[in-house]
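Visitor: I should like to understand the reasoning behind the terms used for this model. Please set each value against its criterion.

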Amino acid sequence: MTTQPRFSPTDITVVFILGGPGSGKGTQSSNLVRDYGFTHLSAGDLLRAEQVREGSQYGDLIKTYIREGKIVPMEITVALLSNAMADALASGKKQQEGGPKPRFLIDGFPRKLDQAVFFEDTVCPSEMTLFLDCPEEVMETRLLKRGETSGRDDDNAESIRKRFRTFVETSMPVVKAFEEQNKVVSVTATGSVEEVYERIREGFKSKGINPL
């Protein structure tokens with residue numbers, strides 16, 4: 001029995017933003033929300049919020065996975081993303097009558113190819129993936145600096161290297177698979193925030209996604 005995705009690409013636009021730890025996903029997501037009207041959903045933020053949410057059935061499980069640097073089972077992450085999208089659509093219904101279709105920017109997901117397939121089969125096929133291509137040493141410098149103030153216990157050198165290796169092994173196949181479908185905008189994520197954002201804008205334009 002084939003199941004239909006929960007949402008249709010004719011009703012909403014889904015863009016994934018992928019890049020190694022420290023490639024600037026959060027910063028650039030803020031720019032895209034501001035200029036393009038995206039609803040930003042961070043898989044990591046949703047998971048972190050869920051692990052402290054009162055009465056969460058997934059909380060302890062998520063904590064263990066994150067602490068051990070393992071990937072949380074995709075069914076949990078996809079359920080959290082899907083519900084967050086439904087909530088955003090329900091609360092945004094009023095102002096979008098006749099306006100542009102809602103846009104979702106999903107950050108830090110899919111981490112693996114099977115997650116990408118599962119999301120597209122059950123939630124919504126994506127329009128494209130924005131890939132922030134950043135050298136490991138640049139990311140490490142940025143994250144160690146962030147670690148001085150972030151209070152995140154995974155912003156240390158050993159953890160960063162582990163996360164980078166995990167990213168290359170598990171997430172690059174996602175980028176490659178979407179590239180084969182001509183659904184990737186790859187941007188060099190070095191230089192100033194403004195320079196990187198300019199490259200992103202050019203890439204979005206090439207895919208027909210324009211600022212609101």
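Guide: Let us begin with G22, in a predicted model. Leaving out residues up to four places away in sequence, G22 touches M139, R142 and L143. G22 itself lies in the loop between β1 (13-19) and α1 (25-36).

Visitor: Why is G22 called buried or exposed, as the case may be?

Guide: Buried means under 20% relative accessible area. G22 has a relative accessible area of 16%, so G22 is buried.

Visitor: What makes T27 fall into its accessibility class?

Guide: T27, in helix α1, has 40% relative accessibility and therefore counts as partly exposed, because that class lies between under 20% and over 50%. G22 and T27 are both among the positions where UniProt, in an unreviewed entry, places the feature "binding site"; R146 is another one of them.

Visitor: How do you know which term describes the orientation of α6 and α7?

Guide: The axes of helix α6 (residues 136-150) and α7 come within 10 Å and cross at roughly 140°. Angles over 145 degrees count as roughly antiparallel and 65 to 115 as roughly perpendicular. The crossing angle belongs to neither range, nor to the parallel one under 35 degrees, so α6 and α7 are oblique to each other. Their crossing is right-handed.

Visitor: Which residues make the contact of α6 with α7?

Guide: From α6, the residues are E136, M139, E140, L143, L144 and R146, and they meet A157, I160, R161, R163 and F164 in α7. By class, this contact has 6 nonpolar, no polar and 5 charged residues.

Visitor: Why is a particular term of orientation given to α2 and α4?

Guide: Helix α2 (residues 43-52) and helix α4 (residues 74-92) have axes that come within 10 Å and cross at roughly 100°. Since 65 to 115 degrees counts as roughly perpendicular, α2 is therefore roughly perpendicular to α4. On the α2 side the contact is made by A43, L46, L47 and E50, and on the α4 side by I76, T77, L80, L81 and A84. By class, the contact has 7 nonpolar, 1 polar and 1 charged residues.

Visitor: What makes Q115 buried or exposed?

Guide: Q115 lies in helix α5. Its relative accessibility is 2%, and under 20% means buried, so Q115 counts as buried. Apart from neighbours within four places in sequence, Q115 is in contact with I71, V72, M74, F109 and P110.

Visitor: What makes the peptide bond from F109 to P110 notable?

Guide: That bond is cis, with omega near -5°, whereas most peptide bonds are trans. P110 is found in the loop between β3 (103-107) and α5 (113-122).

Visitor: What is notable about the phi of N182?

Guide: N182 has a positive phi of about 60° although it is not a glycine. Most residues other than glycine have a negative phi. N182 sits in the loop between α7 (157-180) and β5 (184-188), and it is exposed because its relative accessible area of 57% is over 50%.

Visitor: How do you know which accessibility class R152 belongs to?

Guide: R152 has a relative accessible area of 28%, between the two cut-offs of 20% and 50%, and is therefore partly exposed. R152 is in the loop between α6 and α7, where it touches R48, R146 and R163, not counting residues up to four places away in sequence.

How values were computed. Residues numbered from 1 in each chain as written. Predicted model: local features only at pLDDT ≥ 70, side-chain atom pairs only at ≥ 80, totals over all residues. Heavy atoms only, no water. Helix = DSSP H or I, 4+ residues; strand = E, 2+ residues; numbered from the N terminus. Buried < 20%, exposed > 50% of the residue type's maximum accessible area, 1.4 Å probe, protein only. Axes fitted to C-alpha atoms, helices over the stretch in contact; angles between N-to-C directions. Left-handed = near helix turned anticlockwise from the far one by under 90°. Contact = heavy atoms within 4.5 Å. Nonpolar A, V, L, I, M, F, W, Y, C, P; charged D, E, K, R; others polar. UniProt positions renumbered as here; feature names shortened; annotations may be inferred.
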